[in-house]
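Here is a short report on one helix and on the salt bridges of a protein chain. Please keep the structure in view while reading.

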Amino acid sequence: MAIIAMREALRQALDEEMTRDENVLLMGEEVAQYNGAYKVSKGLWEKYGDKRVIDTPITELGFTGVAVGAASVGLRPVVEWMTFQFGLLAIDQIINNAAKLRHMSGGQLKVPMVVRGPNGPAEFLSSQHSQSFASYFMHIPGIKVVAPSTPYDAKGLLKTAIRDDNPVIFLEAEMYYGWTGEVPEEEYTIPFGKAAIRREGEHVTLVSFSKPMKMLEEAAEELAKEGISAEVIDIRSIRPLDEETIFGSVRKTNHVVVVDEAWPQASVGSHISGLISAKCFDDLDAPVEFVSSEDVPMPYNHTLELEVQPTVAKIVAAAKKTLYREG
């Protein structure tokens with residue numbers, strides 16, 4: 001099986017879907033001749049031309065609205081936001097049009113579009129360019145939200161997203177485009193609403209998605225050195241959410257740590273923590289531990305920048321706390 005980088009897995013998904021369906025097109029800032037800010041669209045403009053790989057001005061509200069219109073008349077646009085930080089300018093098109101047109105038209109209109117790009121904390125980008133907005137989109141009925149953490153999942157989930165007849169928010173991470181992993185050459189897709197168990201364990205469950213998954217796996221290794229067996233759950237599909245897999249693991253281990261690199265209030269992590277507390281209360285031997293970003297704008301100072309985010313050490317400490325083994 002080939003080992004490729006995350007950006008190549010995403011590019012393969014786009015390429016294969018554009019070959020399979022001539023209605024699929026890609027649009028965004030610098031996606032054509034420049035091959036995308038993170039080189040995800042490398043070579044696609046040369047292969048598919050100006051009508052299907054479209055450079056746009058720096059006008060997120062405008063070109064996202066164009067994509068909503070294109071999707072409602074039968075095309076399948078993939079919108080690349082250079083970063084979800086810029087995508088806030090277009091959130092009106094997502095909330096008030098993409099998410100609602102199918103409902104408001106009684107099913108006469110469908111909006112099969114994907115909005116993808118980097119989301120979440122990066123490095124040296126300060127408080128306006130280093131934020132996680134997953135919960136903004138998870139909140140909205142009418143759209144689906146996914147966030148892969150491996151090249152395999154990135155390709156399979158993006159192909160599923162492009163084929164879906166509903167708008168899909170596809171959250172990538174700025175820091176992981178160079179991460180590598182095994183991706184098969186044969187055709188495959190991954191269904192939404194199905195979490196992945198990355199590691200089997202029996203003492204504590206660790207739950208997260210996207211970039212923090214690497215920290216969870218490192219934390220599980222650290223815990224294993226102390227005889228603590230951690231089960232690692234990658235939800236990867238935020239909406240719909242695979243509650244069954246999460247709850248099944250919690251009912252097995254009776255201890256859980258939820259990790260989210262967003263701010264703590266009204267986040268994906270706080271939502272999952274609340275669900276577990278409400279629906280697995282009798283199975284828990286300790287309160288749910290939640291590791292998130294500190295509740296402050298991202299500092300520019302690199303030491304502080306790293307300090308406010310989840311870390312392996314914080315996850316290990318939270319796991320030991322829920323097992324009453326701290327110190």
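The report takes the helix first and the charged pairs second. The model is predicted.

**Helix α3**

Helix α3 covers residues 60-72. Its length fits the expected geometry: at 1.5 Å a residue, its 13 residues should span 18 Å, and the end C-alpha atoms are indeed 18 Å apart.

The buried residues of α3 are Glu60, Phe63, Thr64, Gly65, Ala67, Val68, Ala70 and Ala71. An α-helix has 3.6 residues a turn, so residues three or four places apart point the same way. The buried residues of α3 pack against two strands, β2 (24-28) and β4 (76-80). They also pack against the helices α4 (84-87), α5 (91-98) and α6 (101-104). Just after α3 comes Gly74, with a positive phi of about 115°.

**Salt bridges**

Side chains of opposite charge can pair when their charged atoms come close. This structure holds 29 salt bridges. The table gives three of them.

| Pair | Closest N to O | 
|---|---|
| Glu172 and Arg116 | 2.6 Å |
| Lys252 and Glu200 | 3.3 Å |
| Glu294 and Lys314 | 3.9 Å |

Glu172 and Arg116 form a salt bridge at 2.6 Å. The pair links distant parts of the chain: Glu172 sits in strand β7 (residues 168-172) and Arg116 in strand β5 (residues 114-118), 56 residues apart. Glu172 has a relative accessible area of 1%, so it counts as buried, the cut-off being under 20%. Arg116 is buried as well, at 1% relative accessibility.

Next come Lys252 and Glu200, whose closest N and O atoms are 3.3 Å apart. Lys252 belongs to helix α10 (residues 243-253), while Glu200 lies in the loop between β9 (196-199) and β10 (204-208), so the salt bridge ties together parts 52 residues apart in sequence. Lys252 is partly exposed, with a relative accessible area of 39%. Glu200 is exposed, with 57%.

In the third pair, Glu294 meets Lys314 with the closest N and O atoms 3.9 Å apart. Glu294 is in the loop between β14 (289-291) and α12 (302-307), and Lys314 is in helix α13 (residues 312-322). The two are 20 residues apart, and the pair links distant parts of the chain. Glu294 is partly exposed at 41% relative accessibility. Lys314 is partly exposed at 22%.

Which residues are joined into one network by salt bridges that share partners? They are Glu16, Glu17, Arg20, Lys155, Lys159, Arg163 and Glu187.

Key: Residues are numbered from 1 along each chain as its sequence is written. This is a predicted model: local features need pLDDT of at least 70, side-chain atom pairs count only at pLDDT 80 or more; totals for chains, interfaces and linings use all residues. Side-chain values use heavy atoms; hydrogens and water are left out. Helices (H or I, at least four residues) and strands (E, at least two) are DSSP runs, numbered from the N terminus. The expected span of a helix is 1.5 Å times one less than its number of residues. Buried means under 20% relative accessible area, exposed over 50%, partly exposed in between (1.4 Å probe, protein chains only). Contact means heavy atoms within 4.5 Å. A salt bridge is a side-chain nitrogen of Lys or Arg within 4 Å of a carboxyl oxygen of Asp or Glu.
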